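Student: Please take me through one part of this model closely, and then show me how that part fits into the rest. I would like a single connected answer.

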Amino acid sequence: MATPATKQPCPVCNGNKIVAIGNQAQVCPMCGGSGAMPVPGLQYMYAALFTLTALASATANISILNADFRWKFAKAWSTGPFLVQIQDAKANRTFFNVTPATSQLQGVPNSMVFGTAELPGLIQPPYLFHQNGGIQVSVTDLSNANNVIWVGFDGQELVPSTSTDGSSTSS
Ligand SMILES: [Zn+2]
């Protein structure tokens with residue numbers, strides 16, 4: 001589907017995604033680099049399920065299909081501890097830098113990132129995944145037993161300010 005023509009540019013950067021601060025070009029602080037009019041957005045959670053055998057690894061690629069997505073809370077549920085690494089597939093950005101480098105792909109223990117619905121891990125400042133981008137999540141079991149893992153990326157879909165829901169067919 002085409003981007004709605006009604007999408008408004010950000011009033012601070014005029015849709016340029018960057019602003020000049022002194023002699024420096026910086027990501028626009030108002031829209032977070034989306035270039036679009038900031039809107040509160042609708043609650044949404046992207047989740048992935050893994051079923052691992054002892055010490056196994058797996059990767060999920062979550063597609064950001066509906067709208068730009070502002071990630072605010074990291075939530076997980078699992079039957080055992082695990083390592084996790086996260087990448088913004090579109091920006092090619094890896095979230096955790098791990099030393100030694102041989103551990104980079106496996107990432108960090110889940111308790112360093114994810115919380116629960118009651119006490120979620122806070123993504124501060126919120127991270128913007130762009131529409132048509134993706135979240136790549138890699139997990140590795142630490143329990144040395146079968147491990148069922150749910151990870152949730154909870155936040156807001158930044159829908160165009162003039163539309164009321166994702167089913168709009170106006171042209
Ligand atoms: Zn802006």
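Tutor: Strand β6 and strand β7, which covers residues 93-94, run antiparallel and are joined by two bridges. This is a predicted model, and β6 is the part to look at closely. Across from D88, on the β7 side, stands R93. β6 and β7 form a hairpin with four residues between the strands. In that hairpin N92 has a positive phi, near 55°.

β6 itself covers residues 82-88, and six of its seven residues are buried. The strand is therefore mostly covered, given that a residue counts as buried when 20 or more other C-beta atoms lie within 10 Å of its own. As a general point, side chains in a regular strand alternate between the two faces of the sheet.

β7 is one of the pairing partners of β6. With strand β10, residues 134-141, β6 pairs in the antiparallel sense over seven bridges. F82 has D141 as its bridge partner in β10. Strand β8, residues 108-109, also runs antiparallel to β6, and two bridges join them. Here V84 of β6 is matched with V108 of β8.

Now consider the loops around β8. What kind of setting does L105 have, buried, exposed or in between? L105 sits in the loop between β7 and β8. It has 15 other C-beta atoms within 10 Å, and so it is partly exposed. Leaving aside neighbours within four places in sequence, L105 is in contact with Q85 and S138. L105 also lies 9.3 Å from V139, C-alpha to C-alpha, although the two are 34 residues apart in sequence.

On the other side of β8 in the chain, the loop between β8 and β9 (121-129) holds M112. With 11 other C-beta atoms within 10 Å, M112 is exposed, because a count of 12 or fewer falls in that class. M112 and L83 are 29 residues apart along the chain, and their C-alpha atoms are separated by 9.4 Å.

The next step is the interior. Nonpolar side chains tend to be buried together in soluble globular proteins. The largest nonpolar core here has 31 residues, and V84, F129, I135, V137, V139 and I149 touch the most other members. The elements that give two or more residues to this core are β3, β5, β6, β9, β10 and β11. Domain 1 (1-38) and domain 2 (39-158) both contribute residues, so the core lies between them. What does I135 touch beyond its neighbours within four places in sequence? Its contacts are Y46, I62, I64, I86, D88, A89, F129 and F153. D88 is thus in contact with I135 as well as standing opposite R93.

Some of the strands that supply the core also belong to a sheet. An open sheet of four strands has the order β3-β11-β5-β9, with antiparallel pairing. β3 (42-52) and β9 stand at its edges with a single partner strand each, so one side of each has no neighbour in the sheet. From one strand to the next, the twist averages 25°. Within this sheet, β5 (residues 68-78) and β11 (residues 147-158) pair over ten bridges. Two of the matches between β5 and β11 are R70 with Q156 and D68 with L158. β5 is also joined to β9, by five bridges, and W71 has Y127 as its bridge partner in β9.

Finally, the whole chain. The protein has zero helices and eleven strands. Buried residues make up 25% of its 171 residues. Among contacts with a separation of 6 or more, 78% are between residues 24 or more positions apart.

How far can the model be read? The mean pLDDT is 88, and 88% of the residues reach 70 or more. Over residues 1-5 the pLDDT is below 50, and this stretch has two contacts beyond near neighbours in sequence. Residues 161-171 are also below 50, with eight such contacts in the model. Where pLDDT is low, the predicted coordinates should not be read in detail.

Definitions and conventions
Residues are numbered from 1 along each chain as its sequence is written. This is a predicted model: local features need pLDDT of at least 70, side-chain atom pairs count only at pLDDT 80 or more; totals for chains, interfaces and linings use all residues. Two strands pair if DSSP finds at least two bridges between them. Two residues are in contact if their C-beta atoms, placed from the backbone, lie within 7 Å. Axes are lines fitted to C-alpha atoms, for helices over the stretch in contact, and angles run from 0 to 180 degrees between N-to-C directions. A nonpolar core is a set of buried Ala, Val, Leu, Ile, Met, Phe, Trp, Tyr and Cys residues joined through C-beta atoms within 7 Å. Domain bounds come from an automatic or database domain assignment. pLDDT is the predictor's confidence in each residue, from 0 to 100.
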